[in-house]
Amino acid sequence: MGLKSALYGAHYFMRQHAAARAHKISRLISPPPPRQAGPDYRRVLFVATGLLGDTIMSTPVITEARRLWPDAEITLLGRRRNCDLLSACPVIDHFKEAVSLPFSLRGRAAVKALKEWVAEQSFDIALILLGDEFARMLAQANVPVRVGVRGHALEPCLTHAYDIGGPRTWGPGERLNALRCLGLDVPDAPPRLWVSDSARDSARRILSGLGIGSRDRYVALHPFGSTREQWWPPERARRLADEVRGEYRLKTLLIDGPETHDHALELSTSNLLVAPALPRIQEVLALIEGASLVISTDSGPFHMAGALGRPLVGLFRSRRPEHAGRYPQAHVAFGQEPTCARNCGWDRCQSVPCLQLEDLSVEKVIHQIGRFNAALKDGLHDKGVAVR
């Protein structure tokens, strides 16, 4: 992390603490009226502005809320990527894009407009799944019941707080505590995702443009991550695609994002295909849904494939194994490097590229693909773009 980023992060953190203190003082001067308590909420707001994988693991909270409050009007407040990801979710009635986040130094006008919008909606309850910095805004907008994570600087702005355990290990069960802290009996449930028919149609056109017909099978590969340290060495993608083509007669589709598209195009070969235009998130979901096998680092596409129930091989650092067993259909290849355990933090590598992902050879990945050997060779493929 550079000095500029460190200073910005410290300033962001201090502004949140100052807001929390101001909220405490305002409550002492003018105590709030008794808050509404009870299960019959008519207007429900969910806040989800985090990473895609974290958003996916939070989906059981939204589906359980619909079960608990079948007549409620449910709105999701998220960044564009969060709204696109869940745009086909049948239990969400409305989406609102957060163009700018609270406490950022830019976009203050957008934050002010968003706060006014929240106040106008007269929500009965707001549940923060991802985006703890919104707690102060929700309090200022007079949302009567505000649920968020325990231990955050802005917890004083909440009416109910829930535990997620450690940041390394939380999953869907811990996020469901957002409902349990209200006294509701909620069972554990797996993450789910939904794909729109229009996205499936777009995915078919993308595949057709790459020479993959409506009955052809393919493998989806995502060697990238949200930071450069999380990338599997991209040059190995070509060799892996050649191995998959030779062993299973399948081409490999490279799944990429805005930050990695140029790198992906450079890797393109006859066996490793890259869409010339970057697909939208719903189209990425459709492409993953249609794959016979998905191979991904511990990143958004790994969780997409897991939530869609696709056969899945994970490319993981042994330093970060927490999501390796998240999906029952997934097999994981681990990169090993003892010095990482001594020198690297669980969320930060000291080496770029990551030494543990460097250790993850093509042979190790092929070994995990072999666990799906029968399905790949026999053509067992009962859902998705390729056969619809």
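**Exercise 1. The pairing of arginine 43**

Task: In this predicted model, determine which residue forms a salt bridge with arginine 43, and where the two partners lie in the chain.

Solution.
Step 1. Start from the cut-off: a side-chain nitrogen of Lys or Arg must lie within 4 Å of a carboxyl oxygen of Asp or Glu. For arginine 43 the partner is glutamate 73, and the closest N and O atoms are 3.2 Å apart.
Step 2. Place both residues. Arginine 43 belongs to strand β1 (residues 43-48) and glutamate 73 to strand β2, 30 residues apart, so the pair links distant parts of the chain.
Step 3. Check the exposure of each partner. Buried means under 20% relative accessible area and exposed means over 50%. Arginine 43, with 23%, is therefore partly exposed. Glutamate 73, with 31%, is partly exposed.

**Exercise 2. Salt bridges elsewhere**

Task: State how many salt bridges the model has, then describe the pair of arginine 204 and aspartate 201, the pair of lysine 364 and aspartate 359, and the network that includes Arg150.

Solution.
Step 1. The count comes to 17 salt bridges.
Step 2. Arginine 204 and aspartate 201 have their closest N and O atoms 2.6 Å apart. Both residues sit in helix α9 (residues 197-209), three residues apart, about one turn of the helix.
Step 3. The spacing can be read from helix geometry: an α-helix has 3.6 residues a turn, so residues three or four places apart point the same way.
Step 4. Arginine 204 is partly exposed at 25% relative accessible area, and aspartate 201 is partly exposed at 37%.
Step 5. In the salt bridge of lysine 364 with aspartate 359, the closest N and O atoms are 2.8 Å apart. Lysine 364 counts as partly exposed at 31% relative accessibility, as does aspartate 359 at 28%.
Step 6. A network of salt bridges links Arg150, Glu155 and Asp163.

**Exercise 3. Strand β2 and its partner**

Task: Give the direction in which β2 and β3 run and how many bridges join them, then the handedness of the unit they make with α4.

Solution.
Step 1. Strand β2 (residues 73-78) and strand β3 (residues 94-97) run parallel and are joined by four bridges.
Step 2. One contact fixes the register: threonine 75 has histidine 94 of β3 as its bridge partner.
Step 3. With helix α4 (residues 80-85), β2 and β3 make a β-α-β unit that is right-handed.
Step 4. Glutamate 73, the partner of arginine 43 from Exercise 1, lies in this strand β2.

**Exercise 4. The six-stranded sheet**

Task: Write the strand order of the open sheet, identify its edge strands, and locate threonine 269 relative to β9.

Solution.
Step 1. The order is β9-β8-β7-β10-β11-β12, with parallel pairing among the six strands.
Step 2. The edges are β9 (272-273) and β12 (330-335), each pairing on one side only.
Step 3. At the β9 edge, β8 and β9 pair in the parallel sense over two bridges. Threonine 252 is opposite leucine 272 of β9.
Step 4. Threonine 269 falls in the loop between α11 (261-267) and β9, and is partly exposed at 26% relative accessible area. Its C-alpha atom is 8.9 Å from that of alanine 241, with their positions 28 residues apart along the chain.

**Exercise 5. Cavities**

Task: Count the cavities of 30 Å³ or more, and compare the linings of the largest and the second largest.

Solution.
Step 1. There are two cavities of 30 Å³ or more.
Step 2. The largest has a volume of about 50 Å³. Its lining consists of Leu253, Leu254, Ile255, Asp256, Ala275, Pro279, Val284 and Leu287. The elements giving two or more residues to this lining are β8 (251-254) and α12 (281-289).
Step 3. By class, the lining of the largest cavity has seven nonpolar, no polar and one charged residues.
Step 4. The second largest cavity has a volume of about 40 Å³. Among its lining residues are Ile128, Asp132, His152 and Glu155. Glu155 is also part of the salt-bridge network with Arg150 and Asp163.
Step 5. The lining of the second largest cavity divides into five nonpolar, two polar and two charged residues.

**Exercise 6. Helix α13**

Task: Decide whether helix α13 is enclosed or open to the outside.

Solution.
Step 1. Eight of the eight residues of α13 (residues 300-307) are buried, so the helix is largely enclosed by the rest of the structure. Phe302, His303 and Met304 are among them.
Step 2. Just after α13, glycine 309 takes a positive phi of about 75°.

How values were computed. Residues numbered from 1 in each chain as written. Predicted model: local features only at pLDDT ≥ 70, side-chain atom pairs only at ≥ 80, totals over all residues. Heavy atoms only, no water. 1 Å grid on protein atoms, 1.4 Å probe; cavity = no way out; pocket = protein on both sides within 12 Å on 5 of 7 lines; lining within 4 Å. Points joined across faces, edges and corners; volume = space filled by probe spheres on them. Nonpolar A, V, L, I, M, F, W, Y, C, P; charged D, E, K, R; others polar. Pairing = 2+ DSSP bridges. Right-handed = clockwise from strand over helix to strand, strands pointing away. Buried < 20%, exposed > 50% of the residue type's maximum accessible area, 1.4 Å probe, protein only.
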